[in-house]
Amino acid sequence: MTVEAVGACGSSEPLTDFNNGFSPNGDGTADTLVIQGLEAYVNNVVKIYDLSQRLVFSAHYGGPEDGWDGTHKGGMVPVGSYVCVIDYNEPKLRRETKMIYVNY
């Protein structure tokens, strides 16, 4: 299943596409959160929060090598739901918020 973020002003055209769950267990399959198409928005910032609203990840996304690997302060985050906030930092594009799930 994928989650699609859409543009402002009611546009139904997807801006990005990403899996809403991943398993950073080192098996080479879905080990990072990959957001296809986000690198086209050069001013973007991706932030991941736990359900206590604690920021666990924040970075510019320039491609798959910048995907979140499920770590925070040098350790793996617990299995569970997290909130992914994509700020495009582009005129007329609103911030997108999606739920993601980390499972090992």
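Biologist: Happy to start with Gln53: is this residue buried or exposed?
Modeller: Bear in mind that this is a predicted model. Gln53 lies in the loop between strand E5 (45-49) and strand E6 (55-59). A residue counts as exposed when its relative accessible area is over 50%. Gln53 has a relative accessible area of 69%, so it is exposed.

Biologist: Thanks! Which residue other than glycine, in the loop between strand E3 (21-22) and strand E4 (35-36), should I look at?
Modeller: That loop contains a residue whose phi is near 50°, a positive value outside glycine. Its relative accessibility is 37%, and therefore it counts as partly exposed. The residue in question is Ala30.

Biologist: Back to Gln53 for a moment: what is its phi?
Modeller: Gln53 is a residue other than glycine, yet its phi has a positive value. The residue sits in a loop, with strand E5 (45-49) on one side and strand E6 (55-59) on the other. Its phi is near 70°.

Biologist: Let's turn to charges. Which residue does Asp50 meet in a salt bridge?
Modeller: Side chains of opposite charge can pair when their charged atoms come close. For Asp50, the N to O distance to its partner is 2.9 Å, and the cut-off for a salt bridge is within 4 Å. Asp50 itself counts as buried because its relative accessibility is 12%. The partner, partly exposed with a relative accessible area of 44%, is Arg54.

Biologist: And how far apart are the closest N and O atoms of Glu96 and Arg94?
Modeller: Glu96 counts as buried, at 5% relative accessibility. Arg94 counts as partly exposed, at 40%. The two residues form a salt bridge, with their closest N and O atoms separated by 3.7 Å.

Biologist: How many salt bridges does the structure hold?
Modeller: One of them joins Asp50 and Arg54. Glu96 and Arg94 form a salt bridge as well. For the structure, the count is two.

Biologist: Good. Now the overall fold: how many strands does the protein have?
Modeller: There are zero helices in its secondary structure. Reading along the sequence gives the pattern β-β-β-β-β-β-β-β-β-β. The number of strands is 10.

Biologist: Last one: what share of the contacts with a separation of 6 or more comes from residues 24 or more positions apart?
Modeller: The protein has 104 residues, of which 38% count as buried. Its accessible surface is about 5,800 Å², with 51% belonging to carbon and sulfur atoms. Among contacts with a separation of 6 or more, the share from residues 24 or more positions apart is 47%.

Terms used:
Residues are numbered from 1 along each chain as its sequence is written. This is a predicted model: local features need pLDDT of at least 70, side-chain atom pairs count only at pLDDT 80 or more; totals for chains, interfaces and linings use all residues. Side-chain values use heavy atoms; hydrogens and water are left out. Helices (H or I, at least four residues) and strands (E, at least two) are DSSP runs, numbered from the N terminus. Buried means under 20% relative accessible area, exposed over 50%, partly exposed in between (1.4 Å probe, protein chains only). A salt bridge is a side-chain nitrogen of Lys or Arg within 4 Å of a carboxyl oxygen of Asp or Glu. Contact means heavy atoms within 4.5 Å. Accessible areas come from the Shrake-Rupley method with a 1.4 Å probe; for residues, only the protein chains shown count as cover.
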